[in-house]
Amino acid sequence: MLSHHHRRSRGGFTVIEIVVVFIIIALMLVIIVPHFVLEVKARKAARVKADVAALNSALEHFALDNGKTAGYDASYADIRKYLNPQSDAYKLNGQDLLGDQFGPYVVGTRITVPLPTQEKLSSVTPREYWSPYQ
């Protein structure tokens, strides 16, 4: 005969076990998410820097191919054909990944990273990161 003290074992978790698991998951998210956000911003900064370098190169090629000298005011349309069609600089029509406009496109003058973009990415890039594109 079975004694009254013998309990049937039940499968499943107690409320305390579930709460502990949720706390552990929450702590992991608090640690991981900020690092992930910073990594995404750092990648955007690298892409913006690559785009501005490509735009400067395209402006130089445009000037050489068309005999334009320092001070000539080019447009994005003038230099677009000198960009790689797969690049963000080409696809975004003269804007960076954050929606800020590159330019002006003046032969003999470096195209710079827009100040709003530099400010938006300042948490992952020191001011000198943008040199010589500032």
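Reader: Is F62 buried or exposed in this structure?
Author: Good place to start, and please keep in mind that this is a predicted model. A residue counts as buried when its relative accessible area is under 20%. For F62 that area is 6%, so this residue is buried.

Reader: How many aromatic pairs does the structure hold, and what kind of pair do F62 and Y82 form?
Author: The structure holds four aromatic pairs. In the pair of F62 and Y82, the rings are 6.4 Å apart, centre to centre, with 75° between their planes. Planes over 60 degrees apart count as edge-to-face, so the pair of F62 and Y82 is edge-to-face.

Reader: Where do F62 and Y82 sit, and how many residues apart are they?
Author: F62 belongs to helix α1, which covers residues 15–66. Y82 lies in the loop between α2 (76–80) and α3. The pair therefore links distant parts of the chain, and the separation in sequence is 20 residues.

Reader: Which class does Y82 fall into, given its 22% relative accessibility?
Author: Buried would need a value under 20%, and exposed a value over 50%. At 22%, Y82 falls between those two limits, so it counts as partly exposed.

Reader: What kind of aromatic pair do Y76 and Y105 form?
Author: Their rings lie 6.2 Å apart, centre to centre, and the angle between the planes is 50°. Planes under 30 degrees apart would count as stacked and those over 60 as edge-to-face, with the rest called tilted. The pair of Y76 and Y105 is therefore tilted.

Reader: Which elements does the pair of Y76 and Y105 link?
Author: This pair also links distant parts of the chain, with the two positions 29 residues apart in numbering. Both Y76 and Y105 are buried. Y76 sits in helix α2, and Y105 in strand β2.

Reader: Which residues do ring pairs link into a cluster?
Author: We have already met two members, F62 and Y82. Ring pairs join them with one further residue, giving a cluster of F62, Y82 and Y72.

Reader: Where are the cis peptide bonds that involve P104 and P132?
Author: Most peptide bonds are trans, which makes a cis bond worth a look. P104 is in the loop between α3 (88–91) and β2 (105–106), while P132 is in the segment after α4 (115–120). Omega is about -5° for the bond that joins G103 and P104, and about 5° for the one between S131 and P132.

Reader: What is the phi of N93 near?
Author: Most residues other than glycine have a negative phi. N93, in the loop between α3 and β2, has a positive one. This residue is partly exposed, at 44% relative accessibility, and its phi is near 50°.

Reader: In what order do the helices and strands run, and what is the radius of gyration of the chain?
Author: The chain has four helices and two strands, and from the N terminus on they run α-β-α-α-β-α. For 134 residues, the globule rule gives 14 Å. The chain is well over that, so it is more spread out than a compact globule, with a radius of gyration of 27 Å.

Reader: How far does the C-alpha trace span, and what share of the residues is buried?
Author: Along its principal axes, the trace spans about 105 × 30 × 15 Å. Of the 134 residues, the share that counts as buried is 25%.

Methods: Residues are numbered from 1 along each chain as its sequence is written. This is a predicted model: local features need pLDDT of at least 70, side-chain atom pairs count only at pLDDT 80 or more; totals for chains, interfaces and linings use all residues. Side-chain values use heavy atoms; hydrogens and water are left out. Buried means under 20% relative accessible area, exposed over 50%, partly exposed in between (1.4 Å probe, protein chains only). The radius of gyration is taken over C-alpha atoms; the globule rule is 2.2 Å times the number of residues to the power 0.38. Rings of Phe, Tyr and Trp (its six-membered ring) pair if their centres lie within 6.5 Å; planes under 30 degrees apart count as stacked, over 60 as edge-to-face and the rest as tilted.
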